[in-house]
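Biologist: Could you take me on a close tour of one residue and its surroundings in this predicted model? I would love one connected account, moving outward from that spot to the aromatic rings, the cysteines and then the chain as a whole.

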Amino acid sequence: MIDRRLFTVSALALFACGRPPGAQSQENAAGEADARIVDWGESDTDWTSLTENDWRARLTDEEFRVLRQEGTERAGSSPLNDEHRAGTYVCAGCALPLFRSETKFESGTGWPSFYEPIEGALDTKRDYRLWTPRTEYHCARCSGHQGHVFDDGPPPTGQRWCNNGVALDFVPDAAA
């Protein structure tokens, strides 16, 4: 469920910046702003019933590989590693708020890492694809693969929610 206060504040901030509600502002490889529009509203979209073709039309090839095929981006490749402004990290598939910026920390892994998600935003499952079982997590709304959670993070939780940057969009706070 969307935190209505966060949604309202974020939408107002984006509107004030000259972008319509739901627009994200992230730099592409050339350093230019990417103002792709995403669905911010509580629409009637049944996210889990979208077809593979629907998702391919909504996402870039890399986003599709990570979010829909449970891929992993190359370590150190995300511009979100260097994002330090106040704001919210949202699912790149459906814009559900997943993490607040104050829970982000530098893990040294090459992926954006957080010590705590927004309550109810993520679902977990066991992943047995490597030599040891891991806990994988997905967006609770669209089931988009985000990353894995480990028990080697900082206080207060001791957790490291290691996220693929391509699976996230960043929405700065109004004051950022």
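Modeller: Happy to. Leaving aside residues up to four places away in sequence, Ser-113 touches Thr-103, Lys-104, Phe-105, Ser-107, Arg-160, Trp-161 and Cys-162. Ser-113 itself is found in strand β6, and with a relative accessibility of 0% it counts as buried. Two polar links of its side chain are worth a look. One is a polar contact of 2.9 Å with the side chain of Ser-107; the other runs from the side chain of Ser-113 to the backbone oxygen of Trp-111, at 3.2 Å. Ser-107 therefore appears twice in this picture, as a residue that Ser-113 touches and as its side-chain partner in a polar contact. Among the other residues touched by Ser-113 is Cys-162, which is buried too, at 10% relative accessibility.

Now step along the strand to the aromatic rings. Strand β6 covers residues 113–114, and Phe-114 lies in it. Phe-114 is buried, with a relative accessible area of 0%. Which pairs of rings can we look at in detail? With ring centres required to lie within 6.5 Å, the count comes to six aromatic pairs. One of them joins Trp-47 and Trp-55: their ring centres are 6.2 Å apart and the planes meet at 35 degrees, so this pair is tilted. Both partners are buried, Trp-47 at 6% relative accessibility and Trp-55 at 3%. Phe-114 has its own pairing, with Tyr-89, and that one is edge-to-face, at 5.0 Å centre to centre and 65 degrees between the planes. Because Tyr-89 sits in strand β3 (residues 87–91) and Phe-114 in strand β6, the pair ties together parts that are 25 residues apart in sequence. Tyr-89 is buried as well, at 0% relative accessibility.

The Tyr-89 and Phe-114 rings also belong to one aromatic cluster, formed by Tyr-89, Phe-99, Phe-114, Tyr-137, Trp-161 and Phe-170. Trp-161 gives us a link back to the start, as it is among the residues that Ser-113 touches. Trp-55 has a further neighbour of another kind: Arg-68 lies over the face of its ring, at 4.2 Å from the ring centre.

What about the cysteines? A search of the whole structure finds zero disulfides. Take Cys-91, which is buried at 0% relative accessibility. The closest cysteine sulfur to that of Cys-91 is in Cys-142, 3.6 Å away, and this is too far for a bond, because a disulfide here needs the two sulfur atoms within 2.5 Å.

Finally, let us zoom out to the chain. The chain has 176 residues, of which 45% count as buried; Ser-113, where we began, is one of the buried residues. The secondary structure comes to three helices and 11 strands, and read along the sequence the pattern is α-β-β-α-α-β-β-β-β-β-β-β-β-β. Of the contacts in the chain with a separation of 6 or more, 55% are between residues 24 or more positions apart. The Tyr-89 and Phe-114 pair, 25 residues apart in sequence, is a handy example to keep on screen. As for the outside, the accessible surface of the chain comes to about 9200 Å², and 50% of that belongs to carbon and sulfur atoms.

How values were computed. Residues are numbered from 1 along each chain as its sequence is written. This is a predicted model: local features need pLDDT of at least 70, side-chain atom pairs count only at pLDDT 80 or more; totals for chains, interfaces and linings use all residues. Side-chain values use heavy atoms; hydrogens and water are left out. Rings of Phe, Tyr and Trp (its six-membered ring) pair if their centres lie within 6.5 Å; planes under 30 degrees apart count as stacked, over 60 as edge-to-face and the rest as tilted. Buried means under 20% relative accessible area, exposed over 50%, partly exposed in between (1.4 Å probe, protein chains only). Helices (H or I, at least four residues) and strands (E, at least two) are DSSP runs, numbered from the N terminus. A charge sits over a ring if NZ of Lys or CZ of Arg is within 6 Å of the ring centre and within 35 degrees of the ring normal. Contact means heavy atoms within 4.5 Å. Accessible areas come from the Shrake-Rupley method with a 1.4 Å probe; for residues, only the protein chains shown count as cover. A polar contact is a pair of N or O atoms within 3.5 Å; within protein, one must be able to donate a hydrogen and the other to accept it, and residues adjacent in sequence count only if both atoms are side-chain atoms.
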